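Please find below some notes for a colleague who is coming to this structure without earlier acquaintance. The points take up the disulfide and then the nonpolar cores.

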Amino acid sequence: VCFFSFFMASANAAAITLSAAAVSAKEIDLTWSGAPKGTGTVTVLRSTNAGSGFVAIASLSLSKTTYADVNVSPSTTYYYQVQAQKKGDAPVGSNTANATTPALDSTAPSVPQGLTQTLLACNRIDMSWQASTDAGTGVAKYVVYRNGSAIAQVSATTTSYSDQTVAAVTSYTYQISAVDGAGNASALSPTLSATTPSCPDT
């Protein structure tokens, strides 16, 4: 700790511009610019106190300008500095940047509703549903289930699916589950039942 206190005091704290952003309850991403070019190292320092207690958590090559800190806790503010040292030169430092991780998201999205058949053919069943909501990390995707088994995933911006792997004169059931950015899955939607007709003679 004494070494890093001396190291920080000797560095030019205005030379490097550092920013920090919490991307989830378990990750904070750092980005910086203004570090010297060449052979050397960048040391990432972290503290839960803005003015003291900084310790090194990573040592990177001088060419790096980003770092993902995945060893963080939910609902916590972290303070960061980076120190860059080109071989043979004095170290240079950054401003202090901070980010607060959100609370851990353990709540599933709302159950998709309104699952409706929009097209029925001997070799195709199209369906659509109403979008789910999620107050935490947001809906990330939907999972389509056929006869109780997952058969497809679609993005959060898509509320429809076309199943083109069906057989003629066959009954199927479909349900949809919404999954948020933290991996929480909703319960399955009400069931849509559909029976394909026979295909026309050709």
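1. The link of Cys122 and Cys199 is right-handed, with 100 degrees about the S-S bond. This disulfide, a pair of cysteine sulfur atoms within 2.5 Å, has an S to S distance of 2.1 Å, and by this rule the count comes to one disulfide.

2. This is a predicted model, in which local features need pLDDT of at least 70 and side-chain atom pairs count only at pLDDT 80 or more, while totals for chains, interfaces and linings use all residues. Residues are numbered from 1 along each chain as its sequence is written, and side-chain values use heavy atoms, with hydrogens and water left out.

3. The disulfide links distant parts of the chain, 77 residues apart: Cys122 lies in the loop between β9 (113-121) and β10 (124-130), and Cys199 in the segment after β15 (192-195). Strands here are DSSP runs (E, at least two residues), numbered from the N terminus.

4. Cys122 counts as buried because its relative accessibility is 11%, whereas Cys199, at 37%, counts as partly exposed. Buried means under 20% relative accessible area, exposed over 50%, and partly exposed in between (1.4 Å probe, protein chains only).

5. The largest nonpolar core (buried Ala, Val, Leu, Ile, Met, Phe, Trp, Tyr and Cys residues joined through side-chain atoms within 4.5 Å) has 19 residues, and Trp32, Val44 and Tyr80 have the most contacts inside it. Two or more residues come from each of β1 (12-24), β2 (27-33), β3 (40-47), β4 (55-61), β6 (77-86) and β8 (97-100), with β6 giving the most, four residues.

6. Apart from this core lies another, of 17 residues, among them Val154, Tyr172, Tyr174 and Ala194.
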